Amino acid sequence: MTKKTTKNYLRIFAFLMFLLPISAFAQTPNVYLCGTGTVKLTPAFTGYTPVAGDKIIWTVDGSAQSPVTYATAADAIFNVPATLSAGTHTYSVQVQPADANLCPSDASDNTVVEKLPTPIIAVAAPGSVYCTDQTATTVITASKDASITLPAGVTMTYAWSATLGGTAVTDITTLGTASSSGDTFTLKAGVAPGAYVFAAVGGYATGAVPIVPATTCTATASKAITVTVKPGKATISVAP
């Protein structure tokens with residue numbers, strides 16, 4: 001292969017790489033954190049067990065941290081703080097043996113921790129008061145707050161519930177149906193009159209990647225809807 005041909009291939013490769021979106025280079029998270037969630041990162045060094053006096057060196061987001069002198073197994077663990085800022089964070093570790101005759105290890109591959117923004121949602125409807133025969137056109141919408149930007153691969157999902165006069169509705173499907181994505185709920189025609197409150201619980205969906213803690217990484221919003229009786233069709237009587 002000539003030098004000229006090689007250069008042309010390199011130029012084409014560089015051009016194609018330039019066309020790739022930044023997300024193509026993103027690292028897949030090992031775990032998502034939400035709220036005050038924390039995780040412990042525990043290293044295992046292939047073919048070597050740390051001993052007292054070794055130095056454990058963690059690198060966080062490209063910055064080497066102060067070496068930790070190893071005494072017990074707990075000294076090798078990195079505790080990701082609950083105050084971690086939203087975004088992508090990378091962690092790697094290496095060991096520097098106390099024995100000067102031994103070589104320091106290479107840095108580990110990155111472990112990627114993605115801190116998700118605190119979920120915020122809103123629930124809205126075109127109006128608040130409807131007649132019994134108008135409810136089929138009533139679409140209640142749930143949406144995440146516009147200030148929240150989610151990383152690739154993360155979506156917001158919604159689960160609906162309702163109360164009637166303060167009492168929970170056991171089967172919400174008797175009132176209407178949610179869309180496949182869960183972001184809208186459409187009332188059926190002929191819903192019984194009364195004061196309803198429709199609530200949506202929004203949570204993050206991350207596929208197979210776990211969220212810590214998953215149970216509290218949600219937000220709730222509601223909308224009050226009053227369904228009123230529509231007067232029946234009148235009949236006219238004629239009297240002399």
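Is Asp 133 buried, partly exposed or exposed? At 43% relative accessibility, Asp 133 counts as partly exposed. Here are my notes on the rest; keep in mind that this is a predicted model.

1. **The overall picture.** The protein chain has 240 residues, and 31% of them count as buried. Its secondary structure comes to one helix and 18 strands. If you look at contacts with a separation of 6 or more, 66% of them link residues 24 or more positions apart.

2. **The salt bridge.** The count here is one salt bridge. Its two side chains belong to Lys 230 and Asp 133, with 2.8 Å from N to O. Lys 230 sits in the segment after strand 18, while Asp 133 is in the loop between strand 10 and strand 11, so the pair ties together parts that are 97 residues apart in sequence. Lys 230 is partly exposed, at 45% relative accessibility, and Asp 133 is also in the partly exposed class, at 43%.

3. **Next door, Thr 132.** The same loop, between strand 10 (129-131) and strand 11 (139-144), holds Thr 132. Thr 132 has a relative accessible area of 19%, and the cut-off for buried is under 20%, so Thr 132 is classed as buried. Leaving aside neighbours within four places in sequence, Thr 132 is in contact with Ala 189, Gly 190, Val 191 and Pro 193, and also with Val 227, Thr 228, Val 229 and Lys 230. Lys 230 in that list is the salt-bridge partner of Asp 133.

4. **The disulfide.** There is one disulfide by count. Cys 34 and Cys 217 are the two ends, with 2.0 Å from S to S. The link is right-handed, with 75° about the S-S bond. Cys 34 comes from the loop between strand 1 (31-33) and strand 2 (40-41), and Cys 217 from the loop between strand 17 (211-212) and strand 18 (218-228), so the link ties together parts that are 183 residues apart in sequence. Cys 34 is buried, at 3% relative accessibility, and for Cys 217 the relative accessible area is 3%, which is buried too. As for other cysteines, Cys 103 is exposed at 66%, whereas Cys 131 is partly exposed at 23%.

5. **A lysine to look at twice.** What does Lys 115, a buried residue, have by way of a salt bridge? It has none: the nearest side chain of opposite charge is Glu 114, and that is 11 Å away. What the side chain of Lys 115 does reach is the backbone oxygen of Gly 35, at 3.1 Å. Lys 115 lies in strand 8 (residues 111-115). Not counting residues up to four places away in sequence, Lys 115 touches Leu 33, Cys 34 and Gly 35 on one stretch of the chain, plus Ala 82, Leu 84, Ser 85, Ala 86 and Gly 87. Cys 34, one of those contacts, is also an end of the disulfide.

6. **Strands 3, 7 and 8.** Gly 87 turns up again as the residue standing opposite Lys 115 in strand 8. Strand 7 and strand 8 pair in the antiparallel sense, over five bridges. Strand 7 (residues 87-96) also pairs with strand 3 (residues 55-60), again antiparallel, through six bridges. One pair to click on there is Lys 55, whose bridge partner in strand 7 is Gln 96.

7. **The open sheet.** Which order do the strands take in the open sheet of five? The order is 10-18-16-12-13, and the pairing is mixed. Strand 10 and strand 13 (167-168) are the edge strands, each pairing on one side only. Inside the sheet, strand 12 (residues 155-164) and strand 16 (residues 194-205) run antiparallel and are joined by ten bridges. Ala 159 is a handy marker, with Val 201 as its bridge partner in strand 16.

8. **Leu 41.** Leu 41 belongs to strand 2 and is buried, with a relative accessible area of 11%. Its contacts, not counting residues up to four places away in sequence, are Trp 58, Ala 76, Ile 77, Phe 78, Val 80, Tyr 91 and Thr 111. For a C-alpha check, Leu 41 and Ser 92 are 9.5 Å apart in space and 51 residues apart in sequence.

Terms used:
Residues numbered from 1 in each chain as written. Predicted model: local features only at pLDDT ≥ 70, side-chain atom pairs only at ≥ 80, totals over all residues. Heavy atoms only, no water. Helix = DSSP H or I, 4+ residues; strand = E, 2+ residues; numbered from the N terminus. Buried < 20%, exposed > 50% of the residue type's maximum accessible area, 1.4 Å probe, protein only. Lys, Arg positive; Asp, Glu negative; His and termini not counted. Salt bridge = Lys/Arg side-chain N within 4 Å of Asp/Glu carboxyl O. Polar contact = N/O pair within 3.5 Å; in protein donor to acceptor, adjacent residues only side chain to side chain. Contact = heavy atoms within 4.5 Å. Disulfide = S-S within 2.5 Å. Pairing = 2+ DSSP bridges.
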